[in-house]
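Please open the model in your viewer and keep the selection panel at hand. The stops below proceed from the whole chain to individual strand pairs.

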Amino acid sequence: MSRFHILSCGVIGLTAVAASAAPLTAEDYCDPAVNAPATVKDMRPLADGQTFAAVSDDGRSIEVFSYRTGEKTSTLFSLDGVKGDVRIDGFDGYEVSDNGKKILLWTNTKKIYRNSFWADYYVYDILRSTLAPVSTGGQQRGAVMSHDGRMVAYMRGNNIFISNIDYKTDHAVTEDGKVNEVIYGTPDWAYEEEFGMLNSMRWSADDSTLAYIRFDESAVPVYRFDEYRSYCEADPLGDMYPQSYAYKYPLAGYPNSTVEVYAYNVDNRKAKKMDLPVGDGYVPSIEFDGDGVNLMVMLLNRDQNDLRLYKVNPGSTVAHLVMSEKSEAWLSPSAYQMVRYYPKTFVIGSERDGYRHLYEYDYSGNMLRQLTKGRWNVTDYYGRDARRGVHYVQTTQNGAINRNVASVDAKGKVTMLNPGEGTESASFSSDFGYYLRRYSNAQTPPQYSICNGSGKMVKMLEDNAAYAARYVSAPKMEFTKVPNAAGGEMDAYIIKPAGFDASKRYPLMMYQYNGPDSQLVLNSWRMDGVYYIASQGYVVAAVDGRGTGNRDRAWSTAVYRHLGQYETADQIAGARHIASLPYVDADRTSCFGWSYGGYMTLMELASPHCPFKAGVAMAPVTDWRFYDSIYTERYMLTPQQNESGYDKASALDKSQDVKARLLIMSGTSDDNVHFYNTLKYTSKMNSEGTVFDMMALAGFEHSLRMGNARTQLYKKIVDFLNSQLR
């Protein structure tokens, strides 16, 4: 397949590999190590706006390239060029300091949760070509380099330390951190999973102050499960007695971590607690303002329908309310997490007018203008070109299933840089003069190119032509609209089997997710297990019913306090419509979902209107009382506030109504949707005398990324459906 690389002459280009003529296998469809299209290296914009950094092909150096030509211009770091006694064999990631003089590198990473990890961190001095360890006291987590590159703050032993690279000092900022009790500087499990937070430490612009969050999770109940090892691991048997894994996991209605915000003065080594009315709520974001002087802190109440943004003086600890927003339903993180702080103003997302748009404020709290308007959503905010006063966004102007990169000028005019249908995203240079464009649609694998700020292509980096040729015989996705249970229209896709014959009637498999603010029907490339199912003679279809995102807000919030009710009705309505098509056998229909989609499978199979003969639930939530507080309460409030809503939303309470054949699967080491959900559900089905099928994946977490698990999963699904839809 084509791959991004550096040619011997130093120009970024393509290497074409002949497309395989061999028939596609289950691995070609299902294995992430096989079915992934070629990509480009991570391109890090450098401060000059004209160049970017990328890791070399052999992974041993960080090289600099020109946006304008794509040519290599210099080498920023090389493992072979390090001077002095401190050396490393490789590195897993890096960050260049704001002043361009130092590089933070990390190696020997060990995964913690979905995205967090422990690692050995080092600082490379570009001028001297020397390497220094951040600390020799053990691995670190969440390291953050100061703007001048002279200091690194990190967490170890649940405490924050600051390492001064120049003076070779390493001192503790906090001392009372303790595992499963108090965490400083990095989040608890729930904040990482539901707010996407990886660390909570921020340096002021002059590096004199380190702001951080203290998480007290001592009141959060401990969740434990046995760790069974997979044969994908080096030692599948492990210890003769399985080890128990324990961590703090707040279930809906149970105590959360209590959080506080602090500012640490580097010179006098004193910390002050900021005067903020956090209460039992959340702090989903802390950042310094555009001048890097005052701290901007978001507070969110536990019900997640009241957002307040404060400007805090780190020295006096005094907080001033800058803006607030309340809603009758939840406030979506996809809106308020689109925030940028500039020297005189800041921009933040909101859905207050029924769609997700951007608003500009000054630091006194005055709303200056609504940057974007219309019956469409802003789905990403890339930032502002300060010289021209132009903002760059990603939008749904071409319909909810499409994404386009657009500019917003000083008068509010929105211009799509490339107006075609499909899914387009961007990564801009530091001065917004260039961007890396990623584009795909349902028929076209990802294409990567460098464009200028007006959207004109400067250089194609990867077109995935050979990869596309390899999958030319694979089933294809088509888009349509279908009616939902309330008479509205839902976006839908249909994947017809390879070699489709309109005179035949095929079994149907409805694939689903349908979680709040999610989207499954999207005009972008995918090649995964559902295509394998289609290749085995099935029509595969999906619909985005009420509750899903990127329509209007009323569509999304229709499910508030009533998870499972409207989504189930809409999924069944979509299935009945597609089953009525002349090439679908309405007597051979099934459904399949993962995570929230697995929950949907269980709800649909228990519905009195269930049209399915069989269903597959992978890693399902079986009762929302078993899932984490931040996610669940966002849409349902607590069980104490909404007991009847939880009762009606419980798949566990409806197991006795399942008449179709069920296959339920889960990873035993799933730290997200616990295996307990599946065990509780299947135990109840056993007590009710129901025959079902079950598959436990020993040692696997929620996403099944190890070994051949995904291939085996989809083979099992096809085998199950073949046996039930005869």
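Begin by selecting the charged side chains of this predicted model. The chain carries 76 positive and 85 negative side chains. If the centre of each set is marked, the two points lie 3 Å apart.

Next, display the molecular surface. The accessible surface of the chain amounts to about 28800 Å², and carbon and sulfur atoms contribute 48% of that area. Colouring by burial gives a complementary view: 59% of the 726 residues count as buried.

Now switch to a cartoon representation. The chain contains 13 helices and 45 strands. Its radius of gyration is 26 Å, close to the 27 Å given by the globule rule for 726 residues, so the chain is as compact as a globular protein of that length. A box drawn along the principal axes around the C-alpha atoms has dimensions of roughly 75 × 65 × 60 Å. For a contact map, consider the contacts with a separation of 6 or more: residues 24 or more positions apart account for 57% of them.

**First strand stop: E7, E8 and E9**

Select residues 93–96, strand E7, together with residues 102–111, strand E8; the two run antiparallel and are joined by 4 bridges. Within this pair, Val96 stands opposite Ile103 of E8. Which residue in the turn between E7 and E8 has a positive phi? Centre the view on Gly100, whose phi is about 75°; the hairpin has 5 residues between its strands.

Keep E8 selected and add residues 117–125, strand E9. E8 and E9 are antiparallel and share 8 bridges. Here Leu105 is the residue to label, as it stands opposite Tyr122 in E9. The connection from E8 to E9 is a hairpin of 5 residues. With side chains shown as sticks, one general point assists in reading the view: in a regular strand, side chains alternate between the two faces of the sheet.

**Second strand stop: E13 and E14**

Move to residues 159–164, strand E13, and residues 169–172, strand E14. This pair is also antiparallel, with 4 bridges between the strands. Label Asn164 and Thr169, which are bridge partners, Thr169 belonging to E14. How many residues lie between the strands of this hairpin? There are 4, and Lys168 adopts a positive phi near 55° in this hairpin. The tour ends here.

Technical notes. Residues are numbered from 1 along each chain as its sequence is written. This is a predicted model: local features need pLDDT of at least 70, side-chain atom pairs count only at pLDDT 80 or more; totals for chains, interfaces and linings use all residues. Side-chain values use heavy atoms; hydrogens and water are left out. Two strands pair if DSSP finds at least two bridges between them. The radius of gyration is taken over C-alpha atoms; the globule rule is 2.2 Å times the number of residues to the power 0.38. Buried means under 20% relative accessible area, exposed over 50%, partly exposed in between (1.4 Å probe, protein chains only). Contact means heavy atoms within 4.5 Å. Accessible areas come from the Shrake-Rupley method with a 1.4 Å probe; for residues, only the protein chains shown count as cover. Lys and Arg count as positive and Asp and Glu as negative; His and the chain ends are not counted. The place of a charge is taken as NZ of Lys, CZ of Arg, CG of Asp or CD of Glu.
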